[in-house]
Each structure stands twice: as structure tokens, then as C-alpha cells.
Amino acid sequence: MIMGMPVIIEIVDITAKDEDIEEIFSDFRKIDERFSPYKETSEVMLINRGKLARGDYSQEMNKIIALAEETKHATNGFFTTTIRGLFDPSGIVKGYAIWEAAKKLEKRGYENVFVEIGGDIQIKGVSSSGSKWVVGIRNPFQTDEIIKVLSLTNCGIATSGTYLRGSHIYNPVSGVNATDIASITVIGKNVYEADRFATAAFAMGENGISFIQSKQYLEAYMITNNERAYFTEGFSKFVQM
Amino acid sequence: MMKKYAQVIVVMGGFFLLVFFRNIARGDKQPVITSSDLGPINTPAPNTSNATSRGYKNGTYRGSVVDAYYGNIQVQVQITGGRITDVTFLQYPNDNGTSRFINSQAMPMLKSEAIQAQNAQVNIISGASDSSMAFQQSLADALSQAK
């Protein structure tokens with residue numbers, strides 16, 4: 001468990017070395033130590049306690065801040081790292097960490113890889129079966145169930161959502177037919193793109209799917225609390241028949 | 001009993017959790033436990049999948065306060081007729097001011113379908129992980145008191 005979430009790394013290539021996988025885990029731990037909003041010694045904690053001057057931020061922190069700013073702009077303000085007045089970059093760090101890990105493994109020559117942190121995934125090449133990776137989308141109402149099966153390669157996928165059961169939730173705006181969002185799954189060129197846009201799209205509620213539709217390299221599958229799914233035009237090409 | 005409806009957006013570390021929730025009347029209600037009231041009135045078929053919510057004692061139960069990574073979550077569960085009839089947030093991470101968001105737009109050019117369980121071997125599963133765990137933890141705690 002890193003960042004409180006399960007991590008899975010799989011390298012299919014027969015040349016896979018244990019130390020490469022261990023190095024990725026070690027990278028994730030370092031990222032967690034720096035960006036955790038909890039840990040007493042994390043850089044984020046020091047910033048929030050006012051113990052670190054702006055000029056003394058690490059290079060990696062400055063990079064994350066720049067990425068977060070860019071994302072805020074790209075999502076019409078639906079993405080933020082300021083939570084109740086505190087700085088919390090978690091919304092950008094997960095996708096960034098997975099994507100950096102996948103790039104590192106690519107540089108080492110691996111062609112068939114997946115890296116996952118807490119349901120967000122970067123996929124490359126093929127699985128051990130020799131075919132594209134088969135990825136299930138979890139049913140937000142029945143978490144041991146899959147409601148869509150996708151066939152993916154060389155892309156990232158991320159899901160934002162909540163497992164609050166729909167029948168307990170009342171939408172005072174739309175009335176009886178509550179159609180608020182249970183989850184939205186976004187597929188992008190990489191997991192960094194998928195993750196940050198899934199986060200922002202989820203915050204947009206029902207408009208989130210239209211926002212993804214307007215983005216050229218993103219596709220999405222959104223599940224509403226009345227157990228319907230809405231999906232972008234290009235999404236079907238990923239669905240396994 | 002007054003009923004109050006509210007909506008919030010819970011903003012969680014860049015991870016926005018949009019929750020429309022039903023806020024039942026304020027004020028503490030003491031659990032009313034009646035042992036004769038276990039289970040629904042109609043005997044369910046043996047293959048019912050609703051076993052998890054069957055047989056709780058009527059009343060209102062508070063879950064523990066659980067750290068949701070970006071703030072605390074605490075839920076209150078109301079049990080009526082042995083079943084969960086309401087779940088209310090007593091605490092939730094809240095970003096006041098900037099995040100209130102009301103939406104009623106249609107989705108014209110999108111395809112839609114009813115979701116359906118799939119039987120397939122998969123390599124990986126994509127799903128949300130963040131705040132929901134804290135919610136489930138608090139809920140599980142509330143329900144354990146209702147047993």
C-alpha cells in the first residue's frame with residue numbers, strides 16, 4: 001500500500017528484473033513521503049505549516065504546482081489543489097507518479113507493462129496472454145462486479161467516483177429521477193491525462209461527460225445513480241466484444 | 001419532523017466528490033431498538049442477495065469519524081424495518097464558497113445504456129478508490145452497532 005492505496009506493477013517481458021520493479025516501488029514511496037498531506041515530515045506538511053519558504057520548494061514540488069495550475073486552467077477551474085485553505089496536490093500526484101514510472105520502465109526497454117495505483121492504470125503492449133490488456137470497469141453499486149470489459153493497449157485509464165448507493169442519495173435539483181454521478185472512467189493517451197480529467201469531469205457532475213467528449217484524445221464512460229451509463233462517441237472502440 | 005434538503009460538493013485533494021445527500025432533521029435521535037422488528041415483513045426468498053441489510057435493529061446509528069485523506073467523514077444510518085432507509089453525512093470534507101455547483105443540463109449527443117454485469121476474465125479493474133473507503137468504514141461501524 002502506497003498513498004493508502006494498493007499498487008500493482010506487472011512486466012510481461014521475459015527480461016524483467018526484480019530490481020526494476022523494486023525501484024518503482026521505492027520511487028512511489030519517495031513521492032508519498034514528499035507529497036503526503038498527512039505525514040509530519042512531508043514537504044506538503046511543511047508548506048501547510050508555513051515552515052518552508054516559496055523559494056525553498058523542491059524542484060519536483062514546483063513541477064507538480066505548475067502541472068496543477070495548468071490542469072486548473074484546462075478544466076475551467078474544476079480542478080484545484082487548495083482544499084479548505086490548505087495545499088493538497090494529491091489530485092495530480094497519483095497520475096503523475098504512475099506515468100513517470102511507466103516512462104522509466106519504457107526507457108529500460110520494457111514493452112509490455114502495466115502500472116496501477118488504486119484503480120488508475122498505465123498500460124503498454126500486451127498482457128501475458130499475448131493480447132491487449134483486458135480491463136474491467138467496476139460496478140460502483142456492486143463493487144465485486146464488472147460492468148464493462150475493455151481491450152486496451154498503450155494508454156491510461158482512470159476512474160473517479162463514489163460508492164454511495166444511489167437510492168440513498170437525493171438530488172434536490174432534478175427531483176425524483178436523481179441522475180447524479182456514481183463514477184466516470186476516462187481513457188487517455190496516458191494515465192496522467194486520464195486521471196486529472198477524470199477528477200475534474202467527476203466534479204462537473206452530469207456535464208463531465210460532455211466535457212470529455214469535447215476533448216480530442218479522451219474518451220469516457222459515466223455511470224449515473226439511476227444505473228445508466230453514458231459514453232463518448234469514441235468509447236465503443238475499446239469495448240471488448 | 002422538519003426535513004431539510006441540502007447539497008454539497010465535497011472537494012477532496014483535487015479529487016472532487018460530488019454528493020447530493022439528503023439531510024434528515026437535526027437533533028439527536030436515540031436508537032429505538034425493538035427486537036421484534038428484525039427483518040422485513042415478507043419472508044424473503046432464500047436466494048435473496050439483500051442479506052447485508054436484513055436483520056438490523058431499528059434506530060439511528062452513528063459511525064466512527066474516519067479520516068478520508070482530505071478530511072473527516074462520519075455517517076449516520078437510519079434503520080427502519082430491519083433495513084437501511086437513510087444515510088446522512090454528519091461530517092464531510094467541505095470546501096465552502098467556491099465549489100457549489102448545480103447542474104440540470106441534458107446530454108444530447110451521447111450514447112447511453114443500462115449497466116449490466118459482465119462475466120469475463122480481466123487483467124485489471126479500474127474503479128474509484130479514494131473517499132469511498134472512509135465512507136464504507138464509517139458506514140460499517142454504524143451498521144455494526146445496529147446488529
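**Exercise 1.** Find which residue of β7(B) A229(A) stands opposite, and describe how the two strands are joined.

*Solution.* In this predicted model, A229(A) stands opposite E113(B) in β7(B). Strand β11 of chain A, residues 228-231, is joined to β7(B) by four bridges, and the two run antiparallel; strands are DSSP runs of E with at least two residues, helices are runs of H or I with at least four, both numbered from the N terminus, and two strands pair if DSSP finds at least two bridges between them. Residues are numbered from 1 along each chain as its sequence is written, and chains are lettered from A in the order in which they are written. Local features need pLDDT of at least 70.

**Exercise 2.** Place this pair in the sheet and work out which strands stand at the edges.

*Solution.* Eight strands form an open, antiparallel sheet in the order β1(A)-β4(A)-β5(A)-β8(A)-β9(A)-β10(A)-β11(A)-β7(B). At the edges stand β1(A) (7-11) and β7(B) (111-114), each with a single partner strand, so one side of each has no neighbour in the sheet. From one strand to the next the twist averages 15°, where angles run from 0 to 180 degrees between N-to-C directions of lines fitted to C-alpha atoms, for helices over the stretch in contact.

**Exercise 3.** Check the span of α4(A) against its number of residues.

*Solution.* Helix α4(A) comprises residues 90-107. The expected span is 1.5 Å times one less than the number of residues, so the 18 residues of α4(A) should span 26 Å, which agrees with end C-alpha atoms 26 Å apart. After α4(A) comes G109(A), with a positive phi near 95°.

Conventions. This is a predicted model: local features need pLDDT of at least 70, side-chain atom pairs count only at pLDDT 80 or more; totals for chains, interfaces and linings use all residues. Side-chain values use heavy atoms; hydrogens and water are left out. Contact means heavy atoms within 4.5 Å.
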